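Look over the sequence and the coordinates first. The report below then covers packing, one helix and one selected residue.

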Amino acid sequence: MPLYSTAEIYSSATTGRDEMPIPEGLLSMWANAGQEAVQLTARQAWLLADPREDSYRCLSVIGITAEGVLARPAFGWLLPQRPLARTPHPLVSRAYTAVQQASVMLAQRVDIHQAVLQLATANAALAQWERTSGPSDDALVAACSGAARAVRPEADPRALAEIQGWFGRHGDSLLDRTVRRVFQATGPLPDTGPRAYDDSYLATRVGVNREVLFRAGGALAVQVYQAATLAHQHGEPAWTVLQRRCDQWTLSAASAHVLRLLASTARTAASRVHRTLLQEPPPLPTARIIYGLLVWSTLDTAEIQRAKLLSDGESEVGDAVLLELMAQIKAYAHEFLDGVPALHVLGSPPSRPVPHPATGGRR
Amino acid sequence: MTTYWSDPSLGRWLGAVAQGRALALNALGVHPNEPWVAAGDHAPGDLFEFLLGLRPTLRMHDGVRARRLKRVTRALNFRLAAQITWVDTPTAPIAVNTSLARAAVAALHPAADRAAALTEIIRTSVARADTHYISLLTSRYRPMRSEEWAALDGARLPRVRLAPQRPVLVLSSAGRPADVRKALLAYLPVIRDYGHQDLTLVLADDAASLASAVQLEALAAEATDRHGIEVVRFSEWRGDGCRGVKHQFRDRLLQRLDRLDLPRHDVEAAGRTLAPGLPGTANAVFARFAGRDLLWLEEDAIPFAVDSGSSDSRDMVTNTEGERVLAEHMVDLIGDSGASRRHPVDFPHIVDRCLHATDLEALPFAEQTPTYEDAGFERVSGAEPEPHGAAGMVHFHTCGEVDYRARLSHRFVMNEAITPEDRAIFLKGGMPLQKGFTEAPPTVSLRQWTSAFGTVVGFSGQALLRPLTMWASKVRLGDFAVGQLARFRGLTGCVAGTALEHHRGDVTDSGRGELASYLVNEELLWPLLRRTGTKMAALPQIRDYPQWLLAVGESLRAPQPDFIVPPALAHSLHAELNEDLRQAERSTVPALRDYAMTLRACLGAFVENPWIDYHAMLERQATAEVVAYAAQLRVWSRIVSSAGAGE
């Protein structure tokens with residue numbers, strides 16, 4: 001079967017389009033399409049090819065048959081999870097259109113800034129809809145998720161940041177929720193057994209054991225760690241923003257040093273941080289720094305101090321060393337994340353209970 | 001038979017060691033007539049020859065006597081940095097005078113092999129050397145002399161010293177009579193009890209009021225009377241309202257400089273260098289006593305070593321990074337278990353040995369590895385085969401309320417989990433923590449070290465022939481800067497194998513009770529030292545000291561492409577301060593919220609503005625300090641070369 005490009009479809013269907021109404025049910029048809037190729041009629045194909053109807057260009061035509069056109073969803077994530085109502089509320093329609101247009105622009109790497117504005121439009125429309133008519137449409141949120149996910153590192157960093165809600169973090173914007181739900185939509189969290197949780201990020205320094213660390217925010221730390229892993233592995237926009245930010249950050253070397261000291265069980269780790277900072281500490285991979293910052297930012301240092309004091313009964317100089325390191329990394333994380341909680345940045349609300357890492361969930 | 005003690009310098013050293021040991025044993029009540037001493041498998045003579053440091057080793061077959069002897073050697077280690085170790089062998093434990101054993105092995109070897117043998121001994125330490133050496137050493141020793149028997153019996157003989165001249169003891173003080181009285185009461189009895197009555201203690205005080213001056217004069221007279229040790233004031237003002245000795249000395253020095261037609265900037269620098277205050281006092285003392293051995297006594301130290309009472313003997317531990325770590329010897333806390341005890345330390349004797357027999361006393365190491373506060377000597381690395389030669393400075397380990405800097409207190413104050421009582425102590429600049437040693441550490445000599453005076457510091461007269469100078473700065477780096485100068489002039493540092501107790505006062509320089517002040521002054525310390533250190537290291541070798549000082553001054557004054565305070569450091573400090581403030585202000589503990597309020601008031605806009613501004617402020621201050629130091633070094637070069645220090 002010969003394959004035709006979209007351009008060829010454009011050129012083969014250029015007549016009388018103004019008279020053609022938008023086919024009803026097109027949206028609901030998408031719902032069933034999944035990743036399979038779908039058969040479209042010539043009329044649908046014509047609509048598909050209309051350059052003014054960018055919102056529909058999310059199917060790519062892979063061939064022309066006797067019945068019409070064979071197409072495949074180019075951006076499967078744009079498809080709603082279930083058929084939409086035949087006549088959606090105008091606000092929802094507007095949001096949908098805006099999101100779809102933004103998605104296409106993002107996916108095709110054109111006019112990224114415009115895409116962001118489109119997403120903002122969708123955000124506003126949806127927020128209004130939610131205020132008047134209850135919870136928003138899951139399909140739409142899924143579409144937003146996809147849009148966010150379509151963004152790749154090579155895109156405009158400012159746009160990325162905006163999409164992330166990095167700069168738009170004031171208030172609970174759709175964009176924020178979108179990014180958050182990206183992670184929920186990715187499927188169930190992986191096994192939370194011991195292998196899934198690399199506690200080398202939460203150092204077992206002299207005097208602080210894993211139990212103590214876990215009590216001081218372990219569940220949250222594990223969740224953050226897992227969300228970070230997902231974001232990292234899937235190259236999520238949240239991660240790429242963090243990565244870029246970390247690479248350009250004045251404190252990444254300092255953070256690397258503190259993390260290294262925290263992760264060290266050697267007595268020599270007692271080196272005073274600032275002094276050593278003066279002698280260029282060896283670099284640590286950016287990803288490790290980010291993991292460290294995210295995970296340590298979740299710990300309640302007061303809880304660790306308390307636990308430590310309870311177990312020893314007395315304070316000692318070693319405590320101050322540890323306190324200083326923890327205070328430092330928390331301060332750096334606060335700045336790195338602009339004071340936003342780690343999970344928020346990564347896009348997952350703290351929802352599901354996470355089993356104890358040491359027992360692999362068989363508590 | 002070779003008698004290694006016939007070597008004159010070794011012989012003199014043996015004499016000094018033996019006298020010191022005899023006096024300490026007498027104070028400990030260990031006497032040749034005691035039943036447990038007499039009833040053993042050795043003649044009492046053998047035992048005392050060992051205890052006096054004349055016999056390198058002693059094998060103990062009798063377990064009970066060995067235990068008693070261990071207690072005695074432990075006390076000697078703490079009081080005298082005696083460095084006696086015990087080696088367990090299959091037949092019986094052997095006690096080793098490690099310094100003597102090292103020296104003897106070196107001396108017994110033919111000259112050609114000596115270096116190699118010494119290397120081996122130093123590397124492995126005698127404690128681990130093979131039994132061949134031990135049996136060889138046991139058979140040769142210097143017999144005890146009559147005056148040593150007499151000293152054991154309590155005879156008060158003049159102290160034998162290795163230094164060509166009597167050392168000068170200097171007690172530096174702001175001049176508050178109560179503090180001075182406390183310090184004199186701590187130091188003088190110990191000095192007297194170890195028989196150093198011939199020494200003079202110079203009370204270098206800054207007392208500015210007539211009333212204080214009168215009280216201090218009375219105190220000095222009373223102390224001289226009561227302890228038989230001369231106490232003289234090197235002061236700003238006399239009790240009769242006339243200028244004190246220090247004041248006169250300074251005026252004379254400045255007049256001489258005046259005649260040299262120095263630029264105005266340098267004249268100001270000279271005034272600052274010698275102004276009343278800790279650095280100015282130190283500089284006046286260095287200039288006035290050039291060429292004499294100095295024992296600088298800190299007012300908030302007392303000459304006692306805290307022995308935390310554990311009896312398990314451990315050697316220095318080598319960790320995975322090849323550092324030799326003393327931490328095993330040390331506990332941070334002395335509970336109320338009563339196991340700990342205090343040993344009076346014969347510090348003038350120890351400093352004398354460390355300065356003038358460094359190679360016999362000390363294990364040579366390349367450097368001290370900085371620890372949390374960079375001011376302790378718990379970790380050293382790079383064992384070196386060749387001895388370093390005579391040391392220029394001697395430090396002691398610090399125990400008791402260790403002289404940690406304000407950052408540690410800040411951390412503890414910020415800790416919500418500590419008790420309110422402890423927090424109150426920290427907020428006053430005090431320290432509810434105590435450090436003791438489970439074992440007296442070995443004596444080491446170092447090429448690279450960070451000098452914090454802490455307790456007592458010994459300076460060699462040879463090194464002070466061309467006196468060092470203390471950075472006249474408000475940043476608390478004076479003591480560090482002196483050590484840095486010494487180090488870059490190629491002087492060896494020595495850390496004596498015992499500790500002295502330190503108490504943080506509310507008002508002294510180490511615990512000034514204004515915790516928040518660390519925020520600027522403390523943090524400039526390391527960047528400033530790094531800048532001066534880099535500059536000194538980059539200079540070509542200049543043998544002439546005044547020329548070298550000039551060159552350092554020049555290179556510090558030259559425009560620099562880089563920042564003194566690394567931007568990342570300023571950025572991280574800014575981030576931490578902000579986070580600390582946020583945390584403290586949200587705290588449920590009222591004292592902590594008050595602390596945050598004070599902190600914010602001290603810092604003003606600097607935490608609210610971007611960190612770049614904070615960095616700019618630090619950099620401005622640092623630049624001013626460096627420029628002032630450059631001028632000071634230029635002036636000091638003049639003082640050293642022409643103005644006639646030491647009279």
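Which residues does L294(A) touch, not counting residues up to four places away in sequence? The model is predicted. In it, L294(A) touches V224(A), A228(A), W239(A) and L242(A). L337(A), A342(A) and L346(A) complete that list.

**Cores.** L294(A) belongs to the largest nonpolar core, which has 142 residues. L294(A), Y332(A), L294(B), F459(B), L528(B) and W636(B) touch the most other members. Helix α25 of chain B, residues 611-641, gives the most to this core: 13 residues. Another core lies apart from it and has 43 residues. Among them are L188(B), F347(B), A391(B) and V456(B).

**Helix α4 of chain B.** This helix spans residues 63-80. Its end-to-end reach, first C-alpha to last, is close to the expected value.

| Property of α4(B) | Value |
|---|---|
| Number of residues | 18 residues |
| Reach, first C-alpha to last | 25 Å |
| Expected at 1.5 Å a residue | 26 Å |

Buried residues in α4(B) include R65(B), A66(B), L69(B) and V72(B). T73(B), R74(B), A75(B), L76(B), N77(B), F78(B), R79(B) and L80(B) are buried too. A81(B) follows α4(B), and its phi is positive, near 50°.

**V267(B).** This residue lies in helix α12 of chain B, residues 264-274. Why does V267(B) count as partly exposed? Because its relative accessibility is 35%, and partly exposed lies between the 20% and 50% cut-offs. V267(B) touches D258(B) and L262(B), not counting residues up to four places away in sequence. V267(B) and E522(B) are 255 residues apart in sequence. In space they are 28 Å apart, C-alpha to C-alpha.

How values were computed:
Residues numbered from 1 in each chain as written. Chains lettered and ligands numbered in written order. Predicted model: local features only at pLDDT ≥ 70, side-chain atom pairs only at ≥ 80, totals over all residues. Heavy atoms only, no water. Core = buried A, V, L, I, M, F, W, Y, C linked by side-chain atoms within 4.5 Å. Buried < 20%, exposed > 50% of the residue type's maximum accessible area, 1.4 Å probe, protein only. Helix = DSSP H or I, 4+ residues; strand = E, 2+ residues; numbered from the N terminus. Contact = heavy atoms within 4.5 Å. Expected span 1.5 Å × (residues − 1).
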